[in-house]
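Me: I am new to this structure and would like to understand the reasoning behind the terms used for it. Please set each term against its criterion.

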2 protein chains.
Amino acid sequence: MKKRYLLAPGPTPVPESALLAMAAPVIHHRTPQFSEIFKETAELLKYVFQTKQDVLILAASGTGAMEGSITNLFSPGDEVIVVNGGKFGERWAKISEAYGLKVNMITVEWGKAVDPAAVKKILDEKPGIKAVMVQASETSTCAAHPVKELAALTKDRDCLLIVDGITAVGVFDLPMDAWGIDVLVSGSQKAFMLPPGLAFAALSEKAWKFQETAKCPRFYFDFKKERKNLKDNTTAYTPAVSLIIGLGEALKMIKEEGLQNVFARHDRLARSVKAAAKAMNLKLLAPDAPSNAATGVYVPEGVDGGKLVKYLRDEMGVTMAGGQDHLKGKILRIAHLGYVDTFDIIVAIASIEMALTKLGHKAELGKGVAAAQQILLEGYK
Amino acid sequence: MKKRYLLAPGPTPVPESALLAMAAPVIHHRTPQFSEIFKETAELLKYVFQTKQDVLILAASGTGAMEGSITNLFSPGDEVIVVNGGKFGERWAKISEAYGLKVNMITVEWGKAVDPAAVKKILDEKPGIKAVMVQASETSTCAAHPVKELAALTKDRDCLLIVDGITAVGVFDLPMDAWGIDVLVSGSQKAFMLPPGLAFAALSEKAWKFQETAKCPRFYFDFKKERKNLKDNTTAYTPAVSLIIGLGEALKMIKEEGLQNVFARHDRLARSVKAAAKAMNLKLLAPDAPSNAATGVYVPEGVDGGKLVKYLRDEMGVTMAGGQDHLKGKILRIAHLGYVDTFDIIVAIASIEMALTKLGHKAELGKGVAAAQQILLEGYK
């Protein structure tokens, strides 16, 4: 017997109400029945994105929405700034280059946040820059970039702020309209508590203006066409019907909990994991700019991080993420976004303590759990 | 958001494979398709009951099998011994009396096991005694009675040993044929990892002899008729089709894990909870004769057990059981039978520590968890 626990930074656990809704017989997408669900769901998405703009719903993973954010708004030869502080920052650059954009890369040490001054410097030097692309939460390093400060820089320039909010929207406060984010994208398998398969993108009025002159080739990710269809409560191409029905359920849960309470829960869970890490003497990967989506810790000296991830997953049934590229084997990423609460954290910390013990590291059992419990108690009256 | 954890002594958690099997469209019970499943499932039941005898499958809760064990084997006026050490011992007496049997009650202090000498004394004094009725595991007190010793007493007498194994079969070793248990009953919502709705009963050859002359009135619970139908891979009345299909899946899981490994897991979980209780200074309810199905602990002085159970369930989403009758408000029963493993115990202990803290009791966080972790580590290579 092996019970499974999913504590990776996506896919994340799916609540029962969404699972049951998605298990219902598939309905046809060109029906009043589906349109009604679609309309209600699209409206709830605006609440979570904190925007008055339409939020496009695409049958794709988050990368699809990232690609569309570039192809729909720019033309080959356009110059952009990419904040590259991890695997996903790197992805902005790769997509931009695939479509012939000229990338000004700001390389940020993994685990650190970008310094807005570095962005401002390039913007000041090169007034032709069309966009700044950044991750609100860089999943590969568990660090958060200062989106509000970056938005203040782009707001009054002829330049868009394009934000990958894949592990940020619904995790921490990212008020699109209030801050002046021009493009905000996300995906279903993160704080939206669904299986992978849906991507979301919302564009500011300023971004829609860019769309009018953008010449990059595109077909499936055609935002103008999707916006037109959205007004008719449908999508340009066949929507992922069951996932959208599940999305409706998940969004109702978020609405019921209340967005600010959802943020507070993520903050509490993140603090509990950081407290546990401290109690276990595990060094944080992003101590200065931690994302509330996941916490990265360095594995102790002498422990193979790859073995730790494998032991947790294969022997204990607990799936967490390891490191990528130069952090491979060196870190453990404990996710706490989406359908996650107190006892998921307890399981995560207890399993790490036990796995480290099994791998020969002298870990004091219960010490990390106790530190987490202390913070998690705040969640109860 | 509130996640739910089921740690009561029944119903117990149901594994995904069984849930999915039960969610499939209902098939008709008078079909070769169902007969095939029924046959295979009935065969697997014998493995778990450790018997060569047929195991009858009834659409009922465990109490139905208890009633049938009396009405099919005895006649009004027959004299029996009932070991009454809790709510379920009491039930044997109530059913016996409802059908006009004469009950010799051995009252056992709640939390204690019966002394076989007390049973022997009555058997010696009254050679006409037709049965000894007992619980292998008395769910209301978390105590286990000495079934093997009782079987040794009845084996060579014209007297049956009737065992309520509702929270015992599939939890700890109870080899029906090897020990000479004459009737062994159980229910689906315990170690069989299913929702409530099925009861099981297996009878020794000696018990079937008793059946031939038994005159108690009966209709729905007609064991002879059920045995005849079982040979034809069906049941006398409409079987609970989906539950039986789920049972097949659950039994396959037990077979795959191996019965001795299942017992070892329950033993490990029980020891971990006892170690945690000790670390938390919680007095055991049944220190001398603990059942591996559930562990009962007295709540600390000054804590209202009813409030504790309610706080755990309503505020923390963790369902455990309180006490009944004179133990109401005084104890907490932490179940660890069925589809339960390491991290269910971690959640149970962590939640108790946190709930006690919230209720004003000075509990050292993480201390019980650490004690449990130490034992639970034995389950990993």
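**Strand S8 of chain B and the contact with chain A**

Reply: The model is predicted. In it, 3 bridges join S8(B) to strand S9 (residues 183–187) of chain B, and these strands run parallel.

Me: What makes S8(B) and S9(B) a pair of strands?

Reply: Two strands pair if there are at least two bridges between them. S8(B) and S9(B) are joined by 3 bridges, so they count as paired. One of the links is at Val163(B), whose bridge partner in S9(B) is Leu184(B).

Me: Which strand is joined to S8(B) by 5 bridges?

Reply: That is strand S5 (residues 131–135) of chain B, which runs parallel to S8(B). Here Val163(B) in S8(B) is the bridge partner of Val134(B).

Me: Why is S8(B) called largely enclosed by the rest of the structure?

Reply: A residue is buried if 20 or more other C-beta atoms lie within 10 Å of its own. In S8(B), residues 160–164, 5 of the 5 residues are buried, so the strand is largely enclosed. Leu160(B), Ile162(B) and Asp164(B) point one way, Leu161(B) and Val163(B) point the other way, and all are buried.

Me: How many residues of chain B are in contact with chain A, and which elements give two or more of them?

Reply: Contact requires C-beta atoms within 7 Å, and 27 residues of chain B are in contact with 27 residues of chain A. Helices H10 (241–257), H13 (342–358) and H14 (367–376) of chain B each give two or more residues to this side. H13(B) gives the most, with 9 residues. By class, the side has 14 nonpolar, 5 polar and 8 charged residues.

Technical notes. Residues are numbered from 1 along each chain as its sequence is written. Chains are lettered from A and ligands numbered from 1 in the order in which they are written. This is a predicted model: local features need pLDDT of at least 70, side-chain atom pairs count only at pLDDT 80 or more; totals for chains, interfaces and linings use all residues. A residue is buried if 20 or more other C-beta atoms lie within 10 Å of its own, exposed if 12 or fewer, and partly exposed in between; C-beta atoms are placed from the backbone. Helices (H or I, at least four residues) and strands (E, at least two) are DSSP runs, numbered from the N terminus. Ala, Val, Leu, Ile, Met, Phe, Trp, Tyr, Cys and Pro count as nonpolar, Asp, Glu, Lys and Arg as charged, and the others, Gly among them, as polar.
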